Amino acid sequence: MILPPYAPVATIAERLPHIFPEGTPNRGYCTRELAAKTIFSALYIGAVAGSGRYFGPIHVYRMTDEQAAATSDDARDDYATAVLARKVNIAGKRWYADNTREPIRDETLRDGLVAIGAVTRREDLPTTSGLPRYALVADFAALFDPALDGNSLAAATSHFQSAYLSKSALARVSIMQAGAAASSNGLLVTFPSGETRQLAPGPSSTIAKAVVEIFANAFLVQPAVLWLSESGNKVVMRDDRIAAAIGLQIQADKNLPDLILADLGGGETRLLFVEVVATDGAMTERRRLALLELTRSAGFADEQVAFMTAYADRENAGFKKTVAQLAWGSCAWFMSEPNHIIAMLAEHGRDGGPQWLLTLPESR
C-alpha cells in the first residue's frame with residue numbers, strides 16, 4: 001500500500017494548535033503531546049480512511065523513538081502488523097505504558113479526535129474486539145504533509161475546519177478568534193445607555209465587553225451597568241445616579257466585583273454581580289456572602305440578586321482552575337457560547353441564586 005508522507009512528531013505538534021484553535025470543543029485532548037503521537041502513529045502505519053488499514057491505542061503506546069526513526073516503507077508496514085503480535089520485540093523504550101490505553105481511547109480519540117470529525121471508527125467490530133478500529137480522515141491526514149506549508153497549508157486547514165467542524169464548534173472558534181484579535185488592542189465597549197468607554201487590551205477586557213454588549217442584552221429586560229472596573233482597581237464606569245435611585249450604595253472597596261449590572265425592567269429592580277475570569281478570581285462563596293450583606297443593607301431581597309462568573313470558554317484554563325471555587329447559588333457564562341448559562345442551584349433553588357436569569361427576557 002502507498003503510505004502517507006512521513007511526518008515527524010514535532011511537525012504534527014506544531015500544526016495541531018492551528019488546526020484546532022481556541023474554542024474547539026475538548027481542544028486539550030486534540031492538541032496535547034499524546035494527540036500528536038497518536039496521529040504520528042496512525043500516519044506512520046498508513047491508517048487513513050479508505051486505505052483498509054486501521055490503528056489502535058497499542059500502535060501508540062508501543063511505539064519507540066528507535067522505531068519512529070525508521071522511515072522506510074518496509075519498516076512502517078512491518079510495525080503495523082508486528083505490534084499486534086505482543087511477543088514481537090520492538091526495539092527501544094516504549095513511549096507509554098500499557099495503562100495509557102484508556103486516555104488514548106477515551107480522551108484523545110473518543111472525546112477528542114473522533115468527536116471533532118478528524119478520526120473515523122469502525123462500528124462493525126464488537127466492543128470487546130482487540131482489532132484496531134480507528135483511521136484518520138483523509139483531509140485531516142493530508143494536513144501533516146511536510147511539503148505543505150504557507151498559503152497552501154492555511155487553505156487546506158481552512159477547508160478541513162469548514163468541512164468537518166460542527167456549526168457550534170465553528171461559532172465558538174470564530175468568537176474566540178475575534179476576541180483574541182481584539183484583545184491585542186484597546187477595546188471600545190458600548191454600554192446599554194449608549195455611552196462608550198475604552199478598556200485596556202487583554203483577555204479580561206474582551207470578556208467584560210462581551211458581558212456588557214452581549215450577555216446583558218440577551219438575559220436582562222432593561223439592562224444598566226452600575227460599575228465596571230479593570231485589574232488594578234481602575235474604575236471604567238460608575239453610575240452613582242442609577243445606584244442612588246435604587247438605593248444601592250456603591251463604595252469602592254475590596255469586595256466589589258468586576259461588574260455590577262442592574263435589570264430595571266420587569267416590575268422590580270434586580271442586581272447581578274459579575275466576576276470576569278481570564279486566569280483567576282471567580283465568584284466564590286466568601287465574595288457572594290459579602291455582596292449579599294451590601295444588597296441586604298440596601299433593602300434588596302435575596303431573590304432580587306444574582307451572582308455570575310464570566311469566562312471566555314469552557315476549554316480555557318481559567319474555568320478549569322476555578323470551577324471548583326464557584327459559589328452555590330451563582331452561575332457561569334461563557335463568551336464563546338453566549339446563549340447558554342450554567343446555574344449552580346443550591347438547596348433545590350431555595351437559596352435565592354440565579355433563578356431569574358434562567359428565563360430569557362421575552363419569556364418572562
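Biologist: I'm looking at helix H7; by how much does it bend at Leu109?
Modeller: This is a predicted model, so local features need pLDDT of at least 70, side-chain atom pairs count only at pLDDT 80 or more, and totals for chains, interfaces and linings use all residues. Residues are numbered from 1 along each chain as its sequence is written, and side-chain values use heavy atoms, with hydrogens and water left out. A bend at a residue is the angle between axes fitted to the seven residues ending there and the seven starting there. At Leu109, H7 bends by about 45 degrees.

Biologist: Which residue with a positive phi follows H7?
Modeller: Helices here are DSSP runs of H or I with at least four residues, strands are E runs of at least two, and both are numbered from the N terminus. Just after H7 comes a residue with a phi near 95 degrees, and that is Gly117.

Biologist: Which residues of H7 are buried?
Modeller: Buried means under 20% relative accessible area, exposed over 50%, and partly exposed in between, with a 1.4 Å probe and protein chains only. In H7 that picks out Ile104, Asp106, Thr108, Leu109, Gly112, Leu113, Val114 and Ile116.

Biologist: How much of the whole protein counts as buried?
Modeller: The protein has 14 helices and 11 strands. Out of its 364 residues, the buried share is 49%.

Biologist: Which helix gives the most to the largest nonpolar core?
Modeller: A nonpolar core is a set of buried Ala, Val, Leu, Ile, Met, Phe, Trp, Tyr and Cys residues joined through side-chain atoms within 4.5 Å. The largest one has 47 residues, and those with the most contacts inside it are Ile12, Leu16, Phe20, Ile39, Leu136, Phe140 and Phe144. Helix H1 (9–19), helix H7 (101–116) and strand S2 (134–136) are among the elements that each supply at least two residues. The top giver, with nine residues, is H3.

Biologist: Which residues does Leu16 touch, leaving out those up to four places away in sequence?
Modeller: Touching, or contact, means heavy atoms within 4.5 Å. For Leu16, the list is Cys30, Thr31, Ala35, Ala36, Ile39, Phe140 and Phe144.

Biologist: How many residues does the other core have?
Modeller: That core lies apart from the largest one. Its members include Leu187, Val189, Met308 and Trp356, and the count is 31 residues.

Biologist: How far apart in space are Val9 and Glu33, C-alpha to C-alpha?
Modeller: Val9 sits in helix H1. Setting aside residues up to four places away in sequence, Val9 touches Ala36, Lys37, Phe40 and Trp95. Val9 and Glu33 are 24 residues apart in sequence, yet in space their separation is 8.7 Å.

Biologist: On to the open sheet of seven strands; what is its strand order?
Modeller: Two strands pair if DSSP finds at least two bridges between them. Pairing in this open sheet is mixed, and the order is S6-S5-S7-S8-S9-S10-S11.

Biologist: Which are the edge strands?
Modeller: An edge strand here pairs on one side only. The two are strand S6 (234–238) and strand S11 (341–343).

Biologist: In S7, which residue is the bridge partner of Leu228?
Modeller: Eight of the eight residues in S5 are buried. S5 and S7 pair antiparallel over five bridges. Leu228's partner in S7 is Leu259.

Biologist: And in S6, which residue is the bridge partner of Ser229?
Modeller: S5 (residues 223–230) runs antiparallel to S6, with four bridges joining them. For Ser229, the partner in S6 is Val235.

Biologist: What angle does H13 make with S8?
Modeller: Axes are lines fitted to C-alpha atoms, for helices over the stretch in contact, and angles run from 0 to 180 degrees between N-to-C directions. H13 (residues 285–297) lies across S8 and S9, and its angle to S8 is about 150 degrees.

Biologist: Is Ser205 buried or exposed?
Modeller: Ser205 is in helix H11. It touches Leu187, Leu199, Ala200 and Glu230, not counting residues up to four places away in sequence. Since its relative accessibility is 8%, Ser205 counts as buried.

Biologist: How many disulfides are there?
Modeller: A disulfide is a pair of cysteine sulfur atoms within 2.5 Å. By that rule, the count is zero.
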